[in-house]
Amino acid sequence: MKPAAARTENSIVIDAPFSMVWHMTNDVANWPNLFSEYASAEILHRDGNTVRFRLALHPEDDGKVWSWVSERITDRENKSVTAYRVEPGPFAFMNIHWTYRETEGGVEMRWVQEFHMKREAPVDDAAMVERINKNSKIQLALIKERVEAAARNRAGAAVAR
């Protein structure tokens with residue numbers, strides 16, 4: 001019998017102030033400049049701390065573009081974000097929880113994804129866990145690099161004043 005949900009958990013520590021990490025990682029409209037996998041991010045609706053948006057990946061070799069609508073609810077006070085796919089695509093469901101924790105080395109950002117693939121999806125839960133874990137490591141390293149570069153640039157500009 002298959003489990004009700006698959007789960008992934010990935011994290012990284014970013015050496016930058018919490019406010020910068022929070023702002024850059026929750027600026028969905030700018031995600032194509034923060035993540036390498038997204039070709040576009042279109043904001044569909046905002047209401048307080050909730051944003052509904054469409055993400056599109058870069059085209060595959062055959063020209064297919066994967067796209068979906070998600071909704072994110074930010075809770076800065078508790079340093080967390082909950083999200084889910086409104087248009088789940090090949091997923092029966094996809095729920096995501098991001099948490100931020102200040103540490104001596106910076107801000108630890110943790111992504112937890114819980115999902116289940118549809119029976120007709122091109123891959124099963126185990127294969128998607130492997131894909132997500134592999135890609136999350138790549139994306140988290142890239143985000144770390146880009147946020148830390150922005151923090152260094154801001155610090156350099158402050159010193160130059």
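Which element supplies the largest share of the lining of the second largest pocket? It's S4, with three residues. The model here is a predicted one, and this second pocket is a handy way into it.

The second largest pocket comes to about 160 Å³ in volume. Its lining runs through Trp22, Asn26, Asp27 and Val28, then Arg46, Gly48, Asn49, Thr50 and Val51, and finishes with Arg72, Ile73 and Thr74. Besides S4, strand S3 also chips in, each of the two giving at least two residues. Sorted by class, the lining holds five polar residues, four nonpolar ones and three charged ones.

Trp22 ties this pocket to helix H1, since Trp22 lines the second largest pocket and is also listed among the buried residues of H1. The others on that list are Phe18, Met20, Val21, Met24 and Thr25. With six of its eight residues buried, H1 (residues 18–25) is largely enclosed by the rest of the structure.

Now for the strands behind that lining. S3 and S4 are antiparallel partners, held in register by seven bridges. One of the pairings puts Ala56 across from Ser67 in S4. On to the next strand: S4 and S5 are antiparallel as well, with six bridges between them. Here Ile73, one of the residues lining the second largest pocket, sits opposite Thr82 in S5. The hairpin of S4 and S5 leaves four residues between the strands, and Lys79 adopts a positive phi there, near 55°. As a general point, side chains in a regular strand alternate between the two faces of the sheet.

The largest pocket is another matter, with about 1,000 Å³ of space. Its lining takes in 38 residues, and those closest to the centre are Glu37, Leu57, Trp68, Arg85 and Asn135. Strands S3 (50–57), S4 (67–75), S5 (80–85), S6 (91–103) and S7 (106–117), along with helix H3 (125–160), are the elements that give two or more residues to that lining. H3 makes the largest contribution, at eight residues. The class split for the largest pocket is 23 nonpolar, eight polar and seven charged.

H3 is also home to Gln139. Is Gln139 buried or exposed? Its relative accessibility is just 1%, so Gln139 counts as buried. Setting aside neighbours within four places in sequence, Gln139 touches Phe35, Ser36, Glu37 and Trp111. Glu37 turns up again here, being in contact with Gln139 and also listed with the residues closest to the centre of the largest pocket.

Stepping back to the whole chain, the tally is three helices and seven strands. Along the sequence they come in the order β-α-α-β-β-β-β-β-β-α. The radius of gyration is 17 Å, close to the 15 Å that the globule rule gives for 161 residues, so the chain is as compact as a globular protein of that length. Taken along the principal axes, the C-alpha atoms fill a box of roughly 60 × 35 × 35 Å. Of the 161 residues, 37% are buried. As for contacts with a separation of 6 or more, 50% of them join residues 24 or more positions apart.

Notes
Residues numbered from 1 in each chain as written. Predicted model: local features only at pLDDT ≥ 70, side-chain atom pairs only at ≥ 80, totals over all residues. Heavy atoms only, no water. 1 Å grid on protein atoms, 1.4 Å probe; cavity = no way out; pocket = protein on both sides within 12 Å on 5 of 7 lines; lining within 4 Å. Points joined across faces, edges and corners; volume = space filled by probe spheres on them. Nonpolar A, V, L, I, M, F, W, Y, C, P; charged D, E, K, R; others polar. Pairing = 2+ DSSP bridges. Rg over C-alpha atoms; globule rule 2.2 N^0.38 Å. Buried < 20%, exposed > 50% of the residue type's maximum accessible area, 1.4 Å probe, protein only. Contact = heavy atoms within 4.5 Å.
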